[in-house]
Amino acid sequence: MVAKGKQRGGGTHKEQRSKKHERLEEEIQTLEQRIAAEAPPPGTNPLANDLASKPAAKSFRELPLSRPTLQGLEEGGYKTMKDIQRACIPHILAGRDLLGAAKTGSGKTLAFLIPVMERLFRLKWSKLDGLGGLVISPTRELAIQIFEVLRKVGKKHEMSAGLVIGGKDVGQEQERVTHMNILVCTPGRLLQHMDETYGFDACNLQVLVLDEADRILDLGFSATINSIVENLPKSRQTLLFSATLSKQVRDLARLSLKEPEYIAIHEASSTVTPSRLQQHYMVVNPAEKLDVLWSFIKMHLKSKSIVFLSSCNQVRFVHEVFCRLRPGVVLSALHGKIKQEKRLQIFLDFCERKEAVLFATDVAGRGLDFPEVDWVIQAICAQVDCPEDVATYIHRVGRTARNEAKGKSLLLLCEHEKKMASNVQEARIPIKQIQVNKSRMQPLHQKLATLLSQDASLKHMAQKAFVSYLRSVHLQPDKQIFDVNKLPVELLASSWGLPTMPRLRFVAAPAVKKKNIPYALREDGNKGAEKEEKEEEEEEEEEEEEEEEKSQRTRVIATDEEGSDGAGPAKENDDDDDDDEEEEEEEEEQGARSSDGSDEENSDVEVASAGWKGGKGKEEAIDKKRSLQDEEELALTLLKKRQRV
Ligand SMILES: Nc1ncnc2c1ncn2[C@@H]1O[C@H](COP(=O)(O)OP(=O)(O)OP(=O)(O)O)[C@@H](O)[C@H]1O
């Protein structure tokens, strides 16, 4: 029996609370003293022994970190620090702004999450203090992943954390968002809360983190980021991370960094990509790209691969026809025209598989930590601004060979795109040419022609994909590499199974009626063409969506066993029950980036948020649990599922 007012550990509630408070004060004081004493001199890299006063800590335990963080790290299985963590964390703990660059898959996420939690812990941050830490990611999937790591390593802390990435009605999360201490978010939704949510303010913000900072500071996000930054206090600490971040990252001024540390872990390394990554390129006839891709997949049925394509339409078409042709491995597709919940499911499903192929746009290009990917294939190389071509390449191949694992990549280039390979090599990326094995090539065009002739919706999809492809090439500024004039467009159309070349409305200049001649092939193009292209494409998509909704679509399981040549009866795909969803999903993508460009989150206005397990007692935990909305539960269930992987 315990006497009234007494607790098992001895002492009254009040006494216990006061002891706890004293212990906390002591812990914070010790941490602060240690941080001050152990901070590396400004402007030095703690990994450079000659500059540091003593060798940098190797394990998390050696750092002045709080008990809850150390426990979270231990339970998460993190003991030894990665180089980027060893070099950055001590600087950030000392309160400095920092630009952190390290190869893909090298552990940047923990390098910023740990110090964010630590700063708030030392300030005894509570619910009443509001928003203390803000992590901004360019894509929803990446935000979810960061949030997952935060939940894992932060579970012993009492602060609350939320995920704000778009998806549903903003009203549903308005109340909770005002109580969050740390938010992981995509820019669009964050700004929407700043504008519309009563009581949501960031005037107390202590730390701002931009993950994939070069992408976030890109033109696509610039207006949103400018507006967000206007709402943040200047006194905050600012941290920028990316695998492709340089001191010269564009337009840092607007972030008001204060004498930032620049830590580039692999700057002196002979390569900028992971050393365990074997990179190849192949020069192929443009009309054979699909054949090569198909043959590659057929030859690597036991591998896990990601194939990057340059537009949503291409991803949908290639995925659909390859499914119908039944390669003998599970195929899935990820792009921005798929609803958020479904995207998350596809992402997590692919994470779990050992053998699979994921066709994706750049929505999967940055930051995502897919486990055990063997191959990254880039069928068509870049799709954004020219200076970013190599950066895009680096991030895409970075989906393999992560965290000490091995991986391979293949870049398929046409003869006139070979300059891309030299650009990549010049950027200290070891890429070797390999030859197409003609004897293993499996020509597809006849099979595709048969499929397309039997299914009008598929033909329509092919036409859209074809037009998107030419548009993406046409819009590339580097005409030395990307030149529609150098493409055998008619041959290309026939290699996709199209009986005739689609009408290229997006390039048709109204003043010059030259039927079937791409605008890019003409010398007399008019100026407003890009705008018109976009408008026409939107119109086209609307019409096509209507048509598609009417047509009954079928899913086809990707298995060889049927021995089908692709013309046989369609079979339900057991791992994806959603394709009918994809049509309705398209309508929500008005906010996504250019019609066929990247579908990263540069203007998302959707929601999904989740509370973080706080330690403030049962009632609050139950309250939080009750307040979770359907989509949040889904996100959390899927995240937990992934944690078991
Ligand atoms: N200290 C550590 N010990 C063990 N594993 C770690 C450690 N730090 C990170 N990892 C693991 O390494 C993998 C890559 O980490 P992370 O996703 O943070 O890389 P990244 O540098 O952000 O990559 P990208 O540039 O592609 O975004 C993850 O699976 C993560 O769990």
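In which helix does H395 lie? H395 belongs to helix α13, and the views below, drawn from a predicted model, begin with the whole protein and return to this residue in the last legend.

**Figure 1. Overall composition of the predicted model.** The protein contains 21 helices and 14 strands. Of its 645 residues, 58% are classed as buried. The exposed area of the protein is about 27500 Å², of which 48% is supplied by carbon and sulfur atoms. When contacts between residues at least 6 apart in sequence are considered, 78% of them join residues at least 24 apart.

**Figure 2. Domain 1 and domain 2 of the protein.** The domain assignment places domain 1 at residues 27–264 and domain 2 at residues 277–496. Their C-alpha centres are separated by 33 Å. To the contact between them, domain 1 brings 20 residues and domain 2 brings 19 residues.

**Figure 3. The ligand and the shell of residues around it.** The ligand is surrounded by 21 residues, of which T80, K108, T109, D369 and R402 come nearest. By class, the shell consists of five nonpolar, nine polar and seven charged residues. Helix α4, spanning residues 108–122, gives the most to this shell, with three residues. Because domain 1 (27–264) and domain 2 (277–496) both give residues to the shell, the ligand lies between them.

**Figure 4. Close approaches of T80, G105 and R402 to the ligand.** A polar backbone atom of T80 is 2.8 Å from a nitrogen atom of the ligand. At G105, a backbone N or O atom is 2.8 Å from an oxygen atom of the ligand. R402 approaches through its side chain, in which an N or O atom lies 2.7 Å from a ligand oxygen atom. Of the 640 Å² of accessible area that the ligand has on its own, the protein covers 87%.

**Figure 5. Helix α10, a mostly covered element.** This helix runs over residues 289–299, and ten of its eleven residues are buried. The buried set comprises K289, L290, D291, V292, L293, W294, S295, F296, I297 and K298.

**Figure 6. S311 in the loop between β9 and α11.** Strand β9 covers residues 304–308 and helix α11 covers residues 312–325, with S311 placed in the loop between them. The relative accessible area of S311 is 0%, and the residue is therefore buried. A polar atom of the S311 side chain lies 3.1 Å from the backbone nitrogen of Q314.

**Figure 7. Helix α13 and its residue H395.** Helix α13 is formed by residues 389–397, and nine of its nine residues are buried. These are D389, V390, A391, T392, Y393, I394, H395, R396 and V397. H395 has a relative accessibility of 2%, below the 20% limit for burial, and so counts as buried.

**Figure 8. The surroundings of H395.** With neighbours within four places in sequence left aside, H395 is in contact with T104, E212, D214, S242, A243, T244, G365 and R366. A243 is 152 residues away from H395 in sequence, yet the C-alpha atoms of the two are 7.4 Å apart in space. The side chains of H395 and T244 are joined by a polar contact of 2.6 Å.

Note on methods: Residues numbered from 1 in each chain as written. Predicted model: local features only at pLDDT ≥ 70, side-chain atom pairs only at ≥ 80, totals over all residues. Heavy atoms only, no water. Near = heavy atom within 4 Å. Polar contact = N/O pair within 3.5 Å; in protein donor to acceptor, adjacent residues only side chain to side chain. Areas by Shrake-Rupley, 256 points an atom, 1.4 Å probe, with all protein chains shown as cover. Helix = DSSP H or I, 4+ residues; strand = E, 2+ residues; numbered from the N terminus. Nonpolar A, V, L, I, M, F, W, Y, C, P; charged D, E, K, R; others polar. Domains from an automatic or database assignment. Buried < 20%, exposed > 50% of the residue type's maximum accessible area, 1.4 Å probe, protein only. Contact = heavy atoms within 4.5 Å.
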